[in-house]
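Colleague: I have just opened this entry and would like some help reading it. Could we go through a few features together?

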Amino acid sequence: MTLTTAKWTISEYHQLVETGILDDKRVELLEGIIVDMPPEVIPHAVYCTESVEYLSILLANRAKVREGHPVTLPNNSEPEPDIAIVRTPSHQYLTHHPYPADIFWLIEYANTTLKKDLNDKKRVYAEAGIEEYWVVNLQTPELIVFRDRAIDTYESETRLATGNISPLSFPDLQINVSKLFTI
């Protein structure tokens, strides 16, 4: 007997969400599969919230910094990255979540989800056309920056524990790396 996984489209996933079936579950859609999201551990939540505030100040009116909200990707994925830096104005997201063309870069905070974020999510984001993807590794701590997108991966991987980095979309912006995992 061969088992086949039933894959969901984004439209079908939205219908499930609207029925309330998923209300008490922390899930996201990755390549048509509804995937459980583990509970946030305390350091994860604190560092993520602090980084949203820090990035919001740095970016001012140039971009919107969204915390823990879905983005809609063309590969039947609707993940909920910890942080999404997206185009303004915000009112455009009243009718849809940000699409790849709206996204400057995505950030995931990883401790227990490190393997998923460095493999599955990295592949999904690259396939969808996200030009830059950051993973804050809370185990080390360090920032892992993925750039130079290929078909389903990123050709460039940089690991930083100190110093500054400039996102591709805002080369004039200097982000202090350690502020992403310290308070």
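Modeller: Gladly, and let us begin with charge pairs, keeping in mind that this is a predicted model. A search of the whole structure finds 12 salt bridges.

Colleague: What is the general idea behind such a pair?

Modeller: Side chains of opposite charge can pair when their charged atoms come close. Here is one case: Arg-123 and Asp-120 meet through their side chains in a salt bridge, with 3.7 Å from N to O.

Colleague: How far apart are Arg-123 and Asp-120 along helix α3?

Modeller: They are three residues apart in helix α3, so about one helical turn separates Arg-123 from Asp-120. Arg-123 counts as partly exposed because its relative accessibility is 27%. Asp-120, at 35%, is likewise classed as partly exposed.

Colleague: Which residue forms a salt bridge with Glu-131?

Modeller: The partner is Arg-149, and the closest N and O atoms of the two are 3.4 Å apart. This pair links distant parts of the chain: Glu-131 sits in the loop between α3 and β6, Arg-149 belongs to strand β7 (residues 142-149), and their positions lie 18 residues apart in the numbering, that is, they are 18 residues apart. With a relative accessibility of 42%, Glu-131 counts as partly exposed. Arg-149 is partly exposed too, its relative accessible area being 33%.

Colleague: How close are the N and O atoms of Glu-157 and Arg-159?

Modeller: In that salt bridge the closest N and O atoms are 2.9 Å apart. Glu-157 has a relative accessible area of 42%, so Glu-157 is partly exposed. Arg-159 also counts as partly exposed, at 43%.

Colleague: Which residues are linked in a network of salt bridges?

Modeller: Glu-28, Glu-108, Lys-116 and Lys-121 are linked in that way.

Colleague: Now for a charged residue without a partner. Is Asp-117 buried or exposed?

Modeller: Asp-117 is buried, yet Asp-117 has no salt bridge. The nearest side chain of opposite charge belongs to Lys-121, 4.4 Å away. Since a salt bridge needs the nitrogen within 4 Å of the carboxyl oxygen, that distance does not qualify.

Colleague: Where is Asp-117, and what joins its side chain to Thr-113?

Modeller: Asp-117 is placed in helix α3, which covers residues 114-128. A polar contact of 2.9 Å joins its side chain to that of Thr-113. Setting aside neighbours within four places in sequence, Asp-117 is in contact with Glu-108, Tyr-109, Ala-110, Lys-122, Tyr-133 and Val-135.

Colleague: Let us turn to the surface. Which residues form a nonpolar patch there?

Modeller: Ile-42, Val-46 and Ile-183 form one, and together they have about 350 Å² of accessible area. Ile-42 is in helix α2, residues 42-59, while Ile-183 lies in the segment after β10.

Colleague: Why does Ile-42 count as exposed?

Modeller: Ile-42 counts as exposed because its relative accessibility is 69%, and the cut-off for that class is over 50%. Ile-183 is exposed as well, at 77% relative accessibility.

Colleague: What is Ile-183 in contact with, leaving aside its neighbours within four places in sequence?

Modeller: Its contacts are Val-46, Tyr-47 and Glu-50. There is also a sequence-versus-space comparison to try: Ile-183 and Ser-51 are 132 residues apart in sequence, and their C-alpha atoms are 9.0 Å apart in space.

Conventions: Residues are numbered from 1 along each chain as its sequence is written. This is a predicted model: local features need pLDDT of at least 70, side-chain atom pairs count only at pLDDT 80 or more; totals for chains, interfaces and linings use all residues. Side-chain values use heavy atoms; hydrogens and water are left out. Helices (H or I, at least four residues) and strands (E, at least two) are DSSP runs, numbered from the N terminus. Buried means under 20% relative accessible area, exposed over 50%, partly exposed in between (1.4 Å probe, protein chains only). Lys and Arg count as positive and Asp and Glu as negative; His and the chain ends are not counted. A polar contact is a pair of N or O atoms within 3.5 Å; within protein, one must be able to donate a hydrogen and the other to accept it, and residues adjacent in sequence count only if both atoms are side-chain atoms. Contact means heavy atoms within 4.5 Å. Patches are made of residues with over 30% relative accessible area and no salt bridge: like charges are joined within 9 Å, nonpolar side chains (Val, Leu, Ile, Met, Phe, Trp, Tyr) within 5 Å. Accessible areas come from the Shrake-Rupley method with a 1.4 Å probe; for residues, only the protein chains shown count as cover.
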